[in-house]
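Work through the exercises below with the sequence and structure at hand. Each task is followed by a stepwise solution.

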Amino acid sequence: MNTAETVLPHLDQGFIDEAEKIISQYPVSKRSASLPLLHLWQKHFGYVSREGVEWIAQKLELEPIAVEEIATFYPMIRLRPLGKYQFKVCRTLSCALAGSYQLFDYIKQNCNALQEVGHHVYLSEDGQFSVEFVECLAACGNAPVMMINEEEWMDVTKEKIQEILAQLRKK
Ligand code: FES
């Protein structure tokens, strides 16, 4: 077992195999695997932690700072976790025409999710809520549409947002 696996023994074999497969696609310059590995990590864990940066660096035989530079350069890589409740607002045409951009701002304001932690991804100070845009959620006839974690909400209005937030805050 190399040192990379000893840092995070809880990583499952499937994840490690996927990482190895990515690295094998860059035989000449392992460094080029940094971004795909960052994406892989984010896909599995929701964001790239310090632990993730160090694991990738060890795998690629790089200094952590080299991976960190790439992670901070690309806005689609999130270096902080999303909220406990993750609002994903569709911004594709039907939803945009039905007011999803205004809804997005409304959610942001009402969750106090003003801290940008990724490209158009906002997190509330208490870590409870995050808000981000997504592309078409395949319910265009009921625009505007959003997800909260895994649950889809259609025909969303500001009033509905208020009701939902009141419920979530009671939990
Ligand atoms: S455009 Fe929003 S669900 Fe399709």
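The model is predicted. Its protein is divided into domain 1, residues 3–73, and domain 2, residues 85–170.

**Exercise 1.** State how far apart the centres of domain 1 and domain 2 are.

Solution. Take the centres over C-alpha atoms; the separation of domain 1 and domain 2 is then 31 Å.

**Exercise 2.** Determine how many disulfides the whole structure holds, and examine Cys 111 as a candidate.

Solution.
Step 1. The criterion for a disulfide is a pair of cysteine sulfur atoms within 2.5 Å.
Step 2. For Cys 111, the closest cysteine sulfur belongs to Cys 95, at 18 Å. That is too far for a bond.
Step 3. A search of the whole structure gives zero disulfides.
Step 4. Check the surroundings of both residues, where buried means under 20% relative accessible area. Cys 95 has a relative accessible area of 3%, so Cys 95 is buried. Cys 111 has 4%, so Cys 111 is buried.

**Exercise 3.** Describe the packing of helix α3 (residues 34–45) and helix α5 (residues 64–73).

Solution.
Step 1. Two packed helices are described by the angle between their axes and the distance between the axes.
Step 2. For α3 and α5 the angle is about 70°, and the axes are 10 Å apart.
Step 3. Angles of 65 to 115 degrees count as roughly perpendicular, and α3 and α5 are therefore roughly perpendicular to each other.
Step 4. The crossing of α3 and α5 is right-handed.
Step 5. On the α3 side, Ser 34, Leu 35 and Leu 38 make the contact; on the α5 side, Val 67, Ile 70 and Ala 71 do.

Terms used:
Residues numbered from 1 in each chain as written. Predicted model: local features only at pLDDT ≥ 70, side-chain atom pairs only at ≥ 80, totals over all residues. Heavy atoms only, no water. Domains from an automatic or database assignment. Buried < 20%, exposed > 50% of the residue type's maximum accessible area, 1.4 Å probe, protein only. Axes fitted to C-alpha atoms, helices over the stretch in contact; angles between N-to-C directions. Helix = DSSP H or I, 4+ residues; strand = E, 2+ residues; numbered from the N terminus. Parallel < 35°, antiparallel > 145°, perpendicular 65-115°, else oblique. Left-handed = near helix turned anticlockwise from the far one by under 90°. Contact = heavy atoms within 4.5 Å.
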